[in-house]
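Student: I'd love a close look at one part of this protein. Could you walk me through it?

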Amino acid sequence: MSLYNEMRPTTFDEIVGQDEAVAILKHVAEHTDDKTQPRVFLLEGQFGCGKTTAAYVFANAIGCNASLGDMQILDASKDRSIDNIRAFVDRWGTYPMTRTSKGRVYIIDEMQGLTPICFEALLRNCEEVPPCTFVFFCTTDASKMPKALKSRYKVLPIKPLTPSAIYKNLNRV
């Protein structure tokens, strides 16, 4: 196993340097029954700064069992066809496979790679996300996101780590 996978954070407390994003995600994870909480998030930041990891940690926090399909990921840099997006979105709203899970998490990584017709398919589905569903869009280029879609998600910037945060994380390793 690679060191970055072995040492990847699994809890919110292990994520360093992202205090604002962690606070919001932790609050939502603790209040999944509250229908006023956001269901769709855009995690934006540079390559390798922890966008997808933050979504994984959220899934772990609400008890998702990835091996049972409670957390699913689509890599938009590879699976960018409209048929793949439609199939992915069709699974939204299905209930978790375990009673301990508070919902299902769907992650679209490299979101900036989607085609305009894929964004349009997502637009309709982001208007009314089912209560048991949480969606994470991860991107390195938020400017490529359509304006109509921007009103339907909560933006969480994932910043590059400062030298002190890197030092703190190296001490953990």
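Student: Let's take Asp70: does Asp70 count as buried or exposed, and why?

Tutor: Happy to! Keep in mind that this is a predicted model. Asp70 counts as buried, because its relative accessibility is 0%, and the cut-off for buried is under 20%. You will find Asp70 in the loop between α3 and β2, the strand that covers residues 71-75.

Now for the partners of its side chain. One is a backbone atom: the side chain of Asp70 reaches the nitrogen of Met97 at 2.8 Å. Another is a side chain, that of Arg104, which forms a polar contact of 3.2 Å with the side chain of Asp70. Leaving aside residues up to four places away in sequence, Asp70 touches Cys64 and Asn65, then Pro96, Met97 and Thr98, and also Ser101, Gly103, Arg104 and Val105.

For another look at burial, turn to helix α2, residues 19-30. Its 12 residues reach 16 Å from the first C-alpha to the last, close to the 16 Å expected at 1.5 Å a residue. Here the buried residues are Ala21, Val22, Leu25, Val28 and Ala29. They lie on the same side of α2, because they cover an arc of only 135° around the axis. On the other side of α2, Asp19 and Glu30 are exposed. As for what the buried residues of α2 pack against, the elements are β1 (40-44), α3 (51-61), β4 (133-139) and β5 (154-157). So α3 turns up in both parts of our look: the buried residues of α2 pack against α3, and the loop holding Asp70 runs between α3 and β2.

Definitions and conventions. Residues are numbered from 1 along each chain as its sequence is written. This is a predicted model: local features need pLDDT of at least 70, side-chain atom pairs count only at pLDDT 80 or more; totals for chains, interfaces and linings use all residues. Side-chain values use heavy atoms; hydrogens and water are left out. Helices (H or I, at least four residues) and strands (E, at least two) are DSSP runs, numbered from the N terminus. The expected span of a helix is 1.5 Å times one less than its number of residues. Buried means under 20% relative accessible area, exposed over 50%, partly exposed in between (1.4 Å probe, protein chains only). The arc is that of the directions from the helix axis to the C-beta atoms. Contact means heavy atoms within 4.5 Å. A polar contact is a pair of N or O atoms within 3.5 Å; within protein, one must be able to donate a hydrogen and the other to accept it, and residues adjacent in sequence count only if both atoms are side-chain atoms.
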